[in-house]
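Grab your viewer and work through these exercises one at a time. Try each task on your own before reading the solution.

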Amino acid sequence: MDDFFRIGVIANTHALKGELKILPTTDDPSRFDGLESITVTRPGVEGSKVYHIDRVWHNNGMVILKLRGIDDIDTAAKLKGHEIIVSRADAIPLEEGEYYHADLLGLGVITEVGEDLGKLTDILDTGANDVYVVTKDGAKPLLIPAIKQCILSVDIPSGVMTVRLLEGLR
């Protein structure tokens, strides 16, 4: 599913008429407001299902969805833990210098002098800026802040990120 991005996880039911509480995993939870349908998939299981959205609203940092055909709490409960995905074509357009997390994960990371630091294996959201977790066999993971002083270039087609390690990052 490389051409899809996860934008939320069905965390729980909401009320008795089949509404779902969605934990948004997108930077912009309002992106749900413009959707007419969603694709729901279960992690580790082949296949997905498209549902039409009847209503969207927001409540305490969660997105609440009422989906057509999900009309009771028991049916809604069966979707708990499922992921909501969108195709790359329906993803929010990026500004220059922005990247989808899915495109960054797995990049090789090198220093400006060509030292191989390993692969970018995780991205932590700290609020102020993301932090890239770079791992290499036999070495402690490196935590590199996603700031322009550290991230010199990102070349998605070549699969390489070039970084400058500020003092204290090793």
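## Exercise 1: a two-residue turn

In the hairpin that β4 and β5 make, two residues sit between the strands, and N60 has a positive phi near 50 degrees. Keep in mind that this is a predicted model.

Task: work out whether N60 is buried or exposed.

Solution. Start with the location: N60 belongs to the loop between β4 and β5. Next, look at the backbone: phi is positive, about 50 degrees, even though N60 is not a glycine. For background, most residues other than glycine have a negative phi. Now the accessibility: N60 has a relative accessible area of 77%. The cut-off for exposed is over 50%, so N60 counts as exposed.

Task: do the same for A15: which loop holds it, and what is its accessibility class?

Solution. A15 sits in the loop between β1 and β2. Its phi is near 70 degrees, again a positive value in a residue other than glycine. The relative accessibility of A15 is 48%. Buried means under 20% and exposed means over 50%, with partly exposed in between, so A15 is partly exposed.

## Exercise 2: walking round the barrel

Task: trace the closed barrel and say in what order its strands run.

Solution. Take it pair by pair.

- β1 to β6: five bridges, antiparallel, with G8 opposite I84 in β6.
- β6 to β3: three bridges, antiparallel, with T39 opposite I85 in β6.
- β3 to β4: five bridges, antiparallel, with S48 in β4 as the bridge partner of T41.
- β4 to β5: six bridges, antiparallel, with I53 opposite L67 in β5.
- β5 to β2: three bridges, antiparallel, with L65 in β5 as the bridge partner of L20.

Put together, the six strands of the closed barrel run β1-β2-β5-β4-β3-β6, with antiparallel pairing. From one strand to the next, the twist averages 50 degrees.

One more stop on the way round: β3 and β4 form a hairpin with six residues between them, and G44 in that turn has a positive phi of about 80 degrees.

## Exercise 3: how covered are the strands?

Task: find how many residues of β5 are buried, and which ones lie on each side.

Solution. Count first: six of the six residues of β5 (62–67) are buried. Then sort by face. In a regular strand the side chains alternate between the two faces of the sheet. M62, I64 and K66 go on one side and V63, L65 and L67 on the other, and all are buried, leaving both faces of β5 covered.

For β3, four of the five residues are buried, so this strand is largely enclosed by the rest of the structure.

Now try a loop residue. T26 lies between β2 (19–24) and β3 (37–41), and at 18% relative accessibility it counts as buried. Leaving out residues up to four places away in sequence, T26 touches I7, R31, F32 and I92.

## Exercise 4: the open sheet

Task: why do β10 and β11 each have one side without a neighbour in the sheet?

Solution. Write down the strand order: β10-β9-β8-β7-β12-β11, an open sheet of six strands with mixed pairing. β10 (142–145) and β11 (151–155) stand at its edges with a single partner strand each, so one side of each has no neighbour in the sheet. The twist in this open sheet averages 35 degrees from one strand to the next.

To check one pair inside the sheet, take β8 and β9: they run antiparallel and are joined by six bridges. D122 stands opposite V133 in β9.

## Exercise 5: the largest pocket

Task: describe the lining of the largest pocket: which residues lie nearest the centre, and which element gives the largest share?

Solution. The volume is about 990 Å³. Of the 31 lining residues, T25, D27, Y99, Y100 and H101 lie nearest the centre. The elements that give two or more residues are β1 (4–14), β6 (83–87), α2 (101–104), β8 (116–125) and β9 (130–135). The largest share comes from β1, with four residues. Last, sort the lining by chemistry: 17 nonpolar, five polar and nine charged residues.

How values were computed
Residues numbered from 1 in each chain as written. Heavy atoms only, no water. 1 Å grid on protein atoms, 1.4 Å probe; cavity = no way out; pocket = protein on both sides within 12 Å on 5 of 7 lines; lining within 4 Å. Points joined across faces, edges and corners; volume = space filled by probe spheres on them. Nonpolar A, V, L, I, M, F, W, Y, C, P; charged D, E, K, R; others polar. Pairing = 2+ DSSP bridges. Axes fitted to C-alpha atoms, helices over the stretch in contact; angles between N-to-C directions. Buried < 20%, exposed > 50% of the residue type's maximum accessible area, 1.4 Å probe, protein only. Contact = heavy atoms within 4.5 Å.
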